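Me: Got a minute to walk through this one with me? I'd like the fold, then the charged pairs.

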Amino acid sequence: MNDYQHISNLIGRYGQIVDEWPRQPDAYADLFTDDAEFTDNGVTIRSRAKLHRLMSLAEEHTRDQPMLAGTRHLMLNPVIEVDGAKGNGSVDLLVIELSADHGWRIRGSGRYHDQYARDVDGTWRFRSRRLQWFKDGGPDPRSPGLGDAYAAVFQSVMNESELQ
């Protein structure tokens, strides 16, 4: 595979792993470099360890979630540019959600702005990932407080002391 294909697979794995049930914090964190940054709702999480913690919190939160509930993060229209061991790009995001109350529905839409790096082990990973929600509508325009709730969780992860 060429670099473009490896990065396309990275983007696809992200969409699958972020929705995996039960959550897989190790697999999620492995998508990022040690010094990665992830920004959503105006808050940036810095470091692979902190991103692992974020997914661990998601795992705790969804542990007792009913089987007929969850999301799918669909990655669409990737634009990828590679320059040696680095790259950048963007990919559109469509989040669909399943719940017993309303079945499947589109919950949110946005665009990821990415920086990629070929890590020391030769694996392409996210160096930076910034999510811009469509028209700044947040993760669910029908639930305006959801973005604030996500931002609070992100901030709490960043405020924790460094993990061992």
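Reply: Sure. This is a predicted model. Its 6 strands form an open sheet in the order 2-1-6-5-4-3, with mixed pairing.

Me: Which strands stand at the edges?

Reply: Strand 2 (43–46) and strand 3. Each has a single partner strand, so one side of each has no neighbour in the sheet.

Me: And what does the twist average?

Reply: 20 degrees from one strand to the next.

Me: How many bridges join strand 4 and strand 5?

Reply: 14 bridges, and the pairing is antiparallel. Leu98 stands opposite Trp104 of strand 5 there.

Me: Which parts of the sheet does helix 3 touch?

Reply: Helix 3 (residues 48–62) packs on the sheet against strand 1 (32–40), strand 2 and strand 6. Its direction makes about 55 degrees with that of strand 1.

Me: What about helix 4?

Reply: Helix 4 (residues 145–159) also packs on the sheet, where it touches strand 1, strand 2 and strand 5. The angle between its direction and that of strand 2 is about 35 degrees.

Me: Back to strand 3 and strand 4. Parallel or antiparallel?

Reply: Antiparallel, with 12 bridges between strand 3 (residues 70–83) and strand 4 (residues 86–99). Leu74 stands opposite Leu94 of strand 4.

Me: How many residues sit between the strands in that hairpin?

Reply: 2 residues. Gly84 takes a positive phi near 70 degrees in this hairpin.

Me: Charges now. How many salt bridges?

Reply: The count comes to 15. One of them joins Arg118 and Asp3, with the closest N and O atoms 3.0 Å apart. That pair links distant parts of the chain, 115 residues apart: Arg118 is in strand 5 and Asp3 in helix 1 (residues 3–17).

Me: Are those two buried or partly exposed?

Reply: Partly exposed. Arg118 has a relative accessible area of 33%, and Asp3 has 25%.

Me: What does Arg111 pair with?

Reply: Asp92, at 2.6 Å between the closest N and O atoms. Arg111 lies in strand 5 and Asp92 in strand 4, so the salt bridge ties together parts 19 residues apart in sequence.

Me: Why does Asp92 count as buried?

Reply: Because its relative accessibility is 18%, and the buried class is under 20%. Arg111 is at 38%, so it counts as partly exposed.

Me: And Asp114, which side chain does it meet?

Reply: Arg129, in a salt bridge of 2.7 Å, N to O. Asp114 is in strand 5 and Arg129 in strand 6 (residues 124–133), so the pair ties together parts 15 residues apart in sequence.

Me: Buried or exposed?

Reply: Buried. Asp114 is at 3% relative accessibility and Arg129 at 0%.

Me: Which residues do shared salt-bridge partners join into one network?

Reply: Asp30, Asp34, Arg48, Asp119, Asp121 and Arg125.

Me: Switching to Arg107. Where does it lie?

Reply: In strand 5 (residues 103–118). Arg107 counts as buried because its relative accessibility is 8%.

Me: Which backbone oxygen does its side chain reach?

Reply: That of Pro139, at 3.3 Å.

Me: What else is Arg107 in contact with, leaving aside neighbours within four places in sequence?

Reply: Besides Pro139, the contacts of Arg107 include Thr71, Val95, Ile96 and Glu97. Asp140, Pro141, Leu146 and Tyr150 are also among them.

Notes
Residues numbered from 1 in each chain as written. Predicted model: local features only at pLDDT ≥ 70, side-chain atom pairs only at ≥ 80, totals over all residues. Heavy atoms only, no water. Helix = DSSP H or I, 4+ residues; strand = E, 2+ residues; numbered from the N terminus. Buried < 20%, exposed > 50% of the residue type's maximum accessible area, 1.4 Å probe, protein only. Polar contact = N/O pair within 3.5 Å; in protein donor to acceptor, adjacent residues only side chain to side chain. Contact = heavy atoms within 4.5 Å. Pairing = 2+ DSSP bridges. Salt bridge = Lys/Arg side-chain N within 4 Å of Asp/Glu carboxyl O. Axes fitted to C-alpha atoms, helices over the stretch in contact; angles between N-to-C directions.
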